[in-house]
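Colleague: I'm new to this one and would like a close look at a single part of it. Could you walk me through its hollow spaces and the rings around them?

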Amino acid sequence: MKKKSMSKLMAFCFLLVMGIVWMIPLLYGVLTSFKSEMELMTAGFKLLPIEWVLTNYTELLVNNSSTPLVKWFFNSLFISVSHTLLVLVVVSFSAFAYSRLSFRGKNGLFSFLLATMMFPSVVNLIPLYKIVDILGWVNTPLAMIVPGAAGVFNIFLVKQFMDNIPKDFDEAAQIDGASEWTIFRRIILPLIKPVLLVVALFAFTGSWNDFLWPSIVFNDIEKMPITSGLQLLQGMYQAQPTLLMAGALVAIIPTFILYLFAQKYFLQSMSLSAGVKG
């Protein structure tokens, strides 16, 4: 018992130290965003502001037309929500087909899809950009909404969850004359809501935090999402770290709120992704 207690104490202390290490930069960024530029340059390293100001936020959100942070924010919100909805539709249908339907080459096709997960996503950037350019989606939300909607890992996760649902439900419904669509809509879909919530969280946070791809497909300032907009912000205000801190904090607000209200689903996502059986 003493060894177990000591192990738990050591684990707690280690996690506490790591938590503090991770929290200090974030806390410093939050407090710096409420400092004036003059105070940051002259007061040295002080955690708390001597005088709390909101000028960094007002300059970015109200008085700045060259870096429309509010416009970028709502661009990202529209893109992330639309992408998440499309992911849920594509992934749920695909997983249902691989889990419940019988068609020629199903296992081979699914194995091929899983094999594509071995390649890093950056190898797709050039061909993906060519496709987006041919379709005329450059500088449009579609360039971020559509690509990645059929993520293989999400399909795999939902399929494995769906495989654990007894097929007796399907057979009983088929005896009553239910079609495949009815089985999916009335039986399978309500049962897979937990894993779909997990996929939705993955899709939203992934789309919102994506930096490389939007930096490639967007060059119109008004149409940029907030991640690529922050890159432009850094170029314009690299000598004004208080403004940069304010912009970065505005960018993390949605994911922070999402985490607060969906914390248990984030934890569930960890257990689902770690406990999937092949």
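Colleague: How much space lies in the largest pocket?

Modeller: Keep in mind that this is a predicted model. The largest pocket holds about 920 Å³ of space. It has 26 lining residues, and the ones closest to the pocket's centre are S121, N124, P147, G148 and G151. By class, 16 residues of that lining are nonpolar, nine are polar and one is charged.

Now for the helices around the pocket. Each of α4 (69-100), α6 (125-134), α8 (152-163) and α11 (193-209) puts at least two residues into the lining. The largest share comes from α11, which gives four.

Let's stay with those helices and look at aromatic rings. The whole structure has 13 aromatic pairs. Take F153 and F202: their ring centres are 6.4 Å apart, with 55 degrees between the planes, which makes the pair tilted. F153 sits in helix α8 and F202 in helix α11, so this pair ties together parts that are 49 residues apart in sequence. Are these two buried or exposed? Neither, really: F153 is partly exposed at 33% relative accessibility, and F202 is partly exposed too, with a relative accessible area of 25%.

F204 and W208 make another pair, this one stacked, at 6.1 Å centre to centre and 15 degrees between the planes. Both residues belong to helix α11, where they are four residues apart, or about one turn of the helix. F204 has a relative accessible area of 12%, so it counts as buried, the cut-off being under 20%. W208 is buried as well, with a relative accessible area of 2%. Ring pairs also join F204 and W208 with F73 and F74 in a cluster.

W208 brings us to the other hollow space, since it helps line the largest cavity. The count comes to one cavity of 30 Å³ or more, and the largest cavity has a volume of about 30 Å³. Along with W208, its lining is made up of S76, I79, S80, M144, S207, P225 and T227. Here α4 gives the most, with three residues, while α4 and α11 each supply at least two. The cavity lining has four nonpolar and four polar residues, and no charged ones.

One last ring to look up while you have the model open is F110: K159 lies over its face, at 5.0 Å from the ring centre.

Notes. Residues numbered from 1 in each chain as written. Predicted model: local features only at pLDDT ≥ 70, side-chain atom pairs only at ≥ 80, totals over all residues. Heavy atoms only, no water. 1 Å grid on protein atoms, 1.4 Å probe; cavity = no way out; pocket = protein on both sides within 12 Å on 5 of 7 lines; lining within 4 Å. Points joined across faces, edges and corners; volume = space filled by probe spheres on them. Nonpolar A, V, L, I, M, F, W, Y, C, P; charged D, E, K, R; others polar. Phe/Tyr/Trp six-rings, centres within 6.5 Å; stacked < 30°, edge-to-face > 60°. Buried < 20%, exposed > 50% of the residue type's maximum accessible area, 1.4 Å probe, protein only. Lys NZ or Arg CZ within 6 Å of the ring centre and 35° of its normal.
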